[in-house]
Amino acid sequence: MIYLKTREEIEIMRESVLLVSRTLGEVAKHVKEGVTPIFLDKLAEEYIRDNGGTPAFKGYKGHGNVPDFPATLCISINEAVVHGIPTNNPLKDGDIVSVDCGAKKNGFFGDHAYTFAVGNVKQEHLHLIENTKQALYKGIEQMVSGNRIGDISYAIQNYAESFGYGVVRELIGHGLGRNLHEDPEVPNYGKRGDGPKLKEGMVLAIEPMINLGTKQIKHLNDGWTVITADGKPSAHFEHDVAIINGKPEILSTYAYIEDALKSK
Ligand code: MG
Ligand code: MG
């Protein structure tokens with residue numbers, strides 16, 4: 001069932017979402033060669049708690065025998081697509097690093113992601129990052145009242161595939177609100193005019209996961225980390241977007257990240 005949000009609820013949500021945006025901005029200040037993912041994770045957890053929130057991914061229930069997710073951030077490096085568990089292995093020059101963060105505040109969730117380049121990254125990999133971010137904005141443009149989920153999906157897929165990239169099928173975007181994952185599902189592939197109709201008050205986490213090579217994925221033994229089947233890199237961007245006055249309004253922002261990256 002799709003929960004449409006009132007304007008008041010969206011304003012409360014905006015605070016949760018911006019807490020995540022600011023947390024990613026703090027993380028951005030420290031993303032560089034030699035820093036460990038665990039350091040970034042501790043920093044993010046502290047920042048969220050200091051600002052009245054709770055990490056949304058920490059303790060997230062695993063399926064079957066898989067242990068609950070142990071961290072505040074999903075840090076997915078190079079061939080890792082999403083759901084990477086932060087480790088003590090320092091970031092290396094040339095890595096591309098997707099950082100996904102979720103937080104709950106005042107009963108609502110924020111959940112978004114950005115892919116960083118560490119030091120000197122291959123041109124081909126920088127293009128993958130930039131084009132994945134653009135694919136996200138192509139999807140967001142379609143989030144207008146009267147369109148359907150498939151219009152968002154198609155726009156992302158069509159743009160990403162124009163570069164020959166693989167669009168991951170098994171992992172998708174989602175509704176967001178009092179739950180981290182709500183209906184509707186928002187696949188990054190699909191047909192125009194398919195799926196649920198987009199309506200005023202809908203809030204979606206749109207999140208293309210785009211692979212340089214094959215769209216096929218594999219799971220690591222930790223039960224969480226998803227990697228590309230061919231070992232080539234993958235990028236991931238996510239924004240939280242509401243339909244207000246029939247049009248998409250991006251509740252999250254990369255401004256804190258961009259400021260941090262500029263002043264490095
Ligand atoms: Mg998400
Ligand atoms: Mg996310």
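This report describes a predicted model of one protein chain with two magnesium ions, going from the overall fold to the metal sites and then to unusual backbone points.

**Overall fold**

The protein chain is built from 15 strands and five helices. Its radius of gyration is 17 Å, close to the 18 Å that the globule rule gives for 264 residues, so the chain is as compact as a globular protein of that length. The C-alpha trace spans about 45 × 45 × 45 Å along its principal axes.

Of the 264 residues in the protein chain, 52% are buried. Contacts between residues at least 6 apart in sequence are often long in range: 71% of them join residues at least 24 apart. The accessible surface of the chain comes to about 11400 Å², and carbon and sulfur atoms account for 49% of that surface. The chain carries 29 positive and 35 negative charges, whose mean positions are 2 Å apart.

**The two magnesium ions**

The magnesium ion (ligand 1) has four protein donors: D111 (OD), H174 (NE2), E207 (OE) and E238 (OE). These donors lie 2.2 Å from the ion. Along the chain they follow the spacing D-x62-H-x32-E-x30-E. E207 sits in the loop between β9 (203-206) and β10 (209-211), and E238 in the loop between β13 (234-236) and β14 (239-244), so this pair ties together parts that are 31 residues apart in sequence. E207 is buried, with a relative accessible area of 7%. E238 is buried as well, and its relative accessible area is 0%. Both values fall under the 20% cut-off for a buried residue.

The magnesium ion (ligand 2) is coordinated at 2.0 to 2.4 Å by D100 (OD), listed twice, together with D111 (OD) and E238 (OE). The donor residues of this ion are spaced D-x10-D-x126-E in sequence. D100 lies in strand β4 (residues 96-105) and E238 in the loop between β13 and β14, so the pair ties together parts that are 138 residues apart in sequence. D100 and E238 are both buried.

The two sites are joined. The magnesium ion (ligand 1) and the magnesium ion (ligand 2) are 3.1 Å apart, and D111 bridges them. E238 is also named among the donors of ligand 1 and among those of ligand 2.

**Unusual backbone points**

Most residues other than glycine have a negative phi, and most peptide bonds are trans. Some places in this chain depart from that pattern. The peptide bond from D183 to P184 is cis, with omega near 0°. P184 belongs to strand β8 (residues 182-186).

Positive phi values occur at H83 and at N106, as set out in the table.

| Residue | Phi | Place | Relative accessible area |
|---|---|---|---|
| H83 | about 65° | loop between β3 (80-82) and β4 | 27% |
| N106 | near 50° | loop between β4 and β5 (108-117) | 49% |

Neither residue is a glycine. H83 counts as partly exposed at 27% relative accessibility, and N106, at 49%, is partly exposed too. The loop of H83 leads into β4, while the loop of N106 runs between β4 and β5. Strand β4 itself holds D100, which is one of the residues that coordinate the magnesium ion (ligand 2).

Definitions and conventions
Residues are numbered from 1 along each chain as its sequence is written. Chains are lettered from A and ligands numbered from 1 in the order in which they are written. This is a predicted model: local features need pLDDT of at least 70, side-chain atom pairs count only at pLDDT 80 or more; totals for chains, interfaces and linings use all residues. Side-chain values use heavy atoms; hydrogens and water are left out. Helices (H or I, at least four residues) and strands (E, at least two) are DSSP runs, numbered from the N terminus. The radius of gyration is taken over C-alpha atoms; the globule rule is 2.2 Å times the number of residues to the power 0.38. Buried means under 20% relative accessible area, exposed over 50%, partly exposed in between (1.4 Å probe, protein chains only). Contact means heavy atoms within 4.5 Å. Accessible areas come from the Shrake-Rupley method with a 1.4 Å probe; for residues, only the protein chains shown count as cover. Lys and Arg count as positive and Asp and Glu as negative; His and the chain ends are not counted. The place of a charge is taken as NZ of Lys, CZ of Arg, CG of Asp or CD of Glu. Donors are N, O and S atoms within 2.8 Å of the metal (3.2 Å for Na, K and Ca); water is not among the atoms, so sites may look incomplete.
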